[in-house]
Structures are given as C-alpha cells and as structure tokens.
Amino acid sequence: MGPGASDTIVALSSGRPPAAIAVVRTSGPAAFVAAEALAGSLPKPRRAGLRRLIYPRDGSLIDEALVLRFDAPNSSTGENIVEYQCHGGRATVDALLKALLEQPGIRLAEPGEFTRRGLANGRIDLTEAEGLADLLMAETELQRRSAMARAGGALRSCLEGWRERLLALAAQAEVAIDYADEEEGAASVDLQTPIRALGAEMAALVDAPRVEPLRDGIRVVVAGPPNAGKSSLVNALAQSEKAIVTHIAGTTRDVIEIPIAIAGVPFVLVDTAGLRDSDDAVECIGIDRARNEAERADILLWLGDSGEAPDHLGLIDVAAKSDLGGSRSGLPVSSMTGEGMGRLTEALLERAGQLLPQGDELALDRRQHELLADSMEALRRASNLQDPVLLAEELRAARVAIDKISGCAGVEELLDALFGRFCLGK
C-alpha cells in the first residue's frame with residue numbers, strides 16, 4: 001500500500017487558504033489519540049462537535065472548530081478518521097497541521113494516500129478510484145456525470161455480477177470434469193449458452209464509446225492549405241484570439257491546442273500548419289505535424305478542395321471564407337460574419353454524440369477496455385470448447401481479467417501513477 005502504511009496521515013483536504021472554512025483530516029491508528037490531545041473529548045461517531053483546539057506544547061488556543069470522528073471500518077479509508085473544520089486562514093491551518101504533525105505516529109499524507117488506503121481496505125475498488133480521479137478533474141457537466149457513474153460504483157457492481165457468474169460457471173465446469181467419464185452426467189451440464197450470454201453483455205460495454213474523448217476532450221483538427229482560413233476559424237470557435245491570423249502563407253508553423261466547451265461538451269481545437277510543398281525546414285516540420293494531427297483527429301475540419309481531403313471517418317468539409325464568395329463545396333462558413341457557425345457547431349455536437357457516452361452511461365478507459373476485451377475473448381474461446389478442462393481454464397482467464405479491472409490482481413504498478421493525480425488531502 002506504500003511506505004508507512006501503518007502510520008497516521010494528515011493533510012488539508014479543502015482548497016488552498018485563505019478561505020472561509022478549511023477541512024483538515026487525519027486517518028490511522030493515532031487519529032483519535034491526537035484529536036484528544038488537541039480537542040479533549042471527542043464527539044460521538046458521525047456527529048459534529050464544537051471544540052477548542054489547544055496547542056499541546058504550550059496550551060495556546062489554535063482555533064475553535066467543528067470536530068467529526070469516523071470509526072473504522074465505517075469510514076472512507078476503512079481506518080479511524082478525524083476531520084477538523086476550522087477557519088480557513090493560512091496561519092490557522094498551518095498551526096493546526098503543525099500541532100498534529102508533532103503528535104506521535106503522525107506524518108503528512110502523500111498525494112492520493114487517503115483514497116489509496118480506502119482501496120487497500122476494500123472500501124472502494126480500482127474502478128471507483130479511477131472514476132474519482134476523473135471526477136476531481138471534471139470541468140464540464142458531461143465529464144462530471146460520467147466520472148460520477150464510475151466513482152459511485154456502477155462499474156464495480158457490474159464487474160462483481162460478472163465475476164459471480166464466472167465463478168458459478170467454473171463450478172459447473174468442475175462438475176463436468178468430475179463426471180467426464182460418465183457421458184450422461186457430462187452432457188447434462190450446458191455451459192455454452194450462459195457463456196455466450198455473458199460474452200454478449202460484455203460486448204455491449206466493449207463496443208460502447210470510451211471515456212478518453214470525454215476525459216481529454218474531442219480532438220477537432222482544423223486542416224487545409226495555407227491561407228484557407230484555419231486560424232480564423234479556430235479563433236471564431238474559441239471566441240478568442242488564440243491563433244495568429246495574417247495574409248502571409250505559412251504563418252502557423254506549429255500545432256496550437258485550445259480546449260473549449262460547447263454546450264457542456266469538451267473539445268480540443270487544433271490549429272495546424274498549411275499543407276503544401278515547402279523548402280523552409282521549420283515549416284516542413286510544422287507540415288509533418290499537421291499531417292500527424294489529421295490522422296489522430298476525432299473530427300477533422302477540412303478547409304481545402306474536397307478532392308484533396310484526407311480519408312477520415314470524422315471528416316467535415318468546410319467551405320471557409322464564404323463571405324468572399326466562391327464555389328467550393330462543403331458547409332459554408334464565414335469567421336468574419338458568423339455565417340454558418342451555428343450549423344458548424346451543430347455538426348460538431350452531432351459527431352460528438354457518436355463518440356461520447358450518453359448521460360450516465362458507463363464508459364471504459366483504455367486499460368479497462370483492453371482487459372474486458374480479453375475477458376470477452378476468453379469467453380468466446382470457451383463457448384466453442386467441449387473439453388471441460390480447457391473450458392475451465394478459459395473461464396479462469398476471463399475471471400483474472402475481470403479481477404485486474406477491479407484491482408483485485410496484477411495492478412500494483414498502476415497505483416503510484418493513478419494516485420499521483422490526486423491532491424494531498426484525497
């Protein structure tokens with residue numbers, strides 16, 4: 001669980017001071033003893049009590065604060081927890097932390113250590129921890145709802161149900177192995193039908209939109225030849241002057257990324273260098289990057305001739321600079337007059353709807369997706385087997401993949417990176 005897992009940890013769990021109220025919390029075996037040293041008697045579990053916090057070394061008053069206690073194992077970490085809701089000035093918070101850190105067995109928490117202890121003590125599983133990490137970073141309503149579905153245990157519940165069914169199927173496979181020499185007994189065990197049904201349920205989630213476009217923003221790359229109006233269009237969509245606009249060909253020489261939200265949907269606008277033949281070494285680097293960006297785009301806004309458009313599933317052909325006339329095919333848009341901007345944003349939102357999970361629909365990240373696909377593939381192989389020994393082995397492989405998703409096996413190397421995304425007090 002990490003160094004000093006038996007220590008009592010302390011951290012500021014609310015925002016950085018100054019603030020009206022600050023929340024400092026401790027978790028671990030010494031949490032209650034330390035609280036009694038500062039606050040005297042503690043309130044009943046899950047009841048807030050007003051206490052005078054005294055600095056034990058000299059008896060000076062630190063603050064008057066609300067104190068709450070949560071007894072193990074019924075706490076977010078599974079350990080004894082004490083929370084202090086004090087005034088949010090820097091000096092007050094620093095004094096409280098100093099007093100607590102001087103108590104025996106207490107140290108400052110590492111990033112994400114409170115949540116990591118909750119995972120180690122079975123209060124949450126890895127999918128809930130990953131959802132919580134996304135919830136802390138959520139900036140749009142869709143991101144919040146998606147992260148909340150996973151942080152709230154929806155994926156955990158789904159995985160637990162599948163694991164129980166895999167265990168039941170494995171038990172039936174063991175019966176078939178025991179009666180392998182008795183044709184009538186072995187034939188009476190039908191495993192293929194429930195295995196196919198379980199695989200179909202997994203396939204529905206594997207084929208659903210993934211969480212990365214929602215977490216990171218749908219990548220909208222604006223591409224085309226020089227002076228096609230790419231930077232002007234990016235600025236119009238972003239409603240700010242982020243990209244340099246001139247009449248000189250080759251002005252944009254690098255990739256410019258601008259995160260925006262349209263109707264609560266996260267996008268990342270990507271302005272790129274104009275695609276053309278060039279002898280300028282720096283511009284050539286920008287052109288190569290532009291081509292690479294076009295390939296990895298979720299949505300590609302093409303501002304060049306339709307016949308020269310890249311082959312891309314998310315292509316939207318845009319006839320930019322429509323205020324200047326012309327006969328180009330595509331969606332007519334003018335960054336100067338605003339013509340067509342409403343239709344363009346509608347087209348972006350329509351494409352986004354195909355890439356993002358809907359409402360509170362469950363979505364997997366890359367790690368979860370790959371492991372669930374492995375589990376589904378093991379079930380596919382099992383559904384075509386008659387030998388109960390081989391079938392039982394595929395069921396075991398399917399269950400191991402499920403356990404890796406939830407964090408029950410083989411994920412220790414992931415934990416440091418995951419909890420490093422958390423703040424100290426989480």
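Let me begin with strands E1 and E2, residues 8–12 and 19–27, which pair in the antiparallel sense over four bridges, and I should say straight away that what we are looking at is a predicted model. A hairpin of six residues joins E1 to E2, and if you want a register mark for this pair, Ile9 stands opposite Ser27 in E2. In the loop between these two strands you will find Pro18, and the peptide bond that leads into it from Pro17 is cis, with omega near 0 degrees.

Moving outward from E2, the next partner is strand E5, residues 81–88, which runs antiparallel to E2 and is joined to it by eight bridges. Here the register can be read from Ala22, which stands opposite Cys86 in E5.

On the side of E1, the partner is E6, and in this case the two strands run parallel, with three bridges between them. Thr8 stands opposite Ile106 in E6, so to speak the register mark for this pair.

What sheet do these pairings belong to? It is an open sheet of six strands, in the order E3-E4-E5-E2-E1-E6, and its pairing is mixed. The edges are taken by strand E3, residues 49–54, and strand E6, residues 106–108, each of which pairs on one side only. Averaged over the sheet, and with direction ignored, neighbouring strands are turned by 30 degrees against each other.

Helix H1, residues 31–39, packs on this sheet, and it touches E1, E2, E3, strand E4 (61–70), E5 and E6, while its direction makes about 75 degrees with that of E3. Helix H2, residues 90–101, also lies across E1, E2, E3, E4, E5 and E6, and it runs at about 150 degrees to E5.

There is a second cis peptide bond to point out while we are in this part of the chain, namely the bond from Ala72 to Pro73, again with omega near 0 degrees. Pro73 lies in the loop between E4 and E5.

Let me turn to the side chains, and to the rings in particular. How many aromatic pairs are there by the rule used here? The count comes to zero. Rings do, however, appear with charged partners: the charged end of Arg25 sits over the ring of Phe114, at 4.3 Å from its centre, and the charged end of Arg69 sits over the ring of Phe32, at 4.8 Å from its centre.

Further along the chain, two residues have backbone angles that deserve a careful look. Asn227, in the loop between strand E7 (218–223) and helix H10 (230–238), has a phi near 60 degrees, which is a positive value in a residue other than glycine. Ala263, in the loop between strand E8 (256–262) and strand E9 (265–271), is likewise not a glycine, and its phi is positive at about 55 degrees.

Are these two residues exposed or partly exposed? Asn227 has a relative accessible area of 36%, and because that value lies between 20% and 50%, it counts as partly exposed. Ala263 comes to 69% relative accessibility, which is over 50%, and therefore it counts as exposed.

The last residue I would like to discuss is Glu293, which has its place in helix H11, residues 281–296. Is Glu293 buried or exposed? Its relative accessible area is 10%, and because this is under 20%, Glu293 counts as buried. If we leave aside the neighbours within four places in sequence, Glu293 is in contact with Arg219, Val221, Val255, Val270 and Thr272.

Let me finish with the chain as a whole. Its secondary structure comes to 15 helices and twelve strands, and of its 426 residues, 47% count as buried. Among the contacts between residues at least 6 apart in sequence, 63% join residues that are at least 24 apart. The chain exposes about 20700 Å², and carbon and sulfur atoms supply 52% of that area.

Terms used
Residues are numbered from 1 along each chain as its sequence is written. This is a predicted model: local features need pLDDT of at least 70, side-chain atom pairs count only at pLDDT 80 or more; totals for chains, interfaces and linings use all residues. Side-chain values use heavy atoms; hydrogens and water are left out. Buried means under 20% relative accessible area, exposed over 50%, partly exposed in between (1.4 Å probe, protein chains only). Contact means heavy atoms within 4.5 Å. Rings of Phe, Tyr and Trp (its six-membered ring) pair if their centres lie within 6.5 Å; planes under 30 degrees apart count as stacked, over 60 as edge-to-face and the rest as tilted. A charge sits over a ring if NZ of Lys or CZ of Arg is within 6 Å of the ring centre and within 35 degrees of the ring normal. Two strands pair if DSSP finds at least two bridges between them. Axes are lines fitted to C-alpha atoms, for helices over the stretch in contact, and angles run from 0 to 180 degrees between N-to-C directions. Accessible areas come from the Shrake-Rupley method with a 1.4 Å probe; for residues, only the protein chains shown count as cover.
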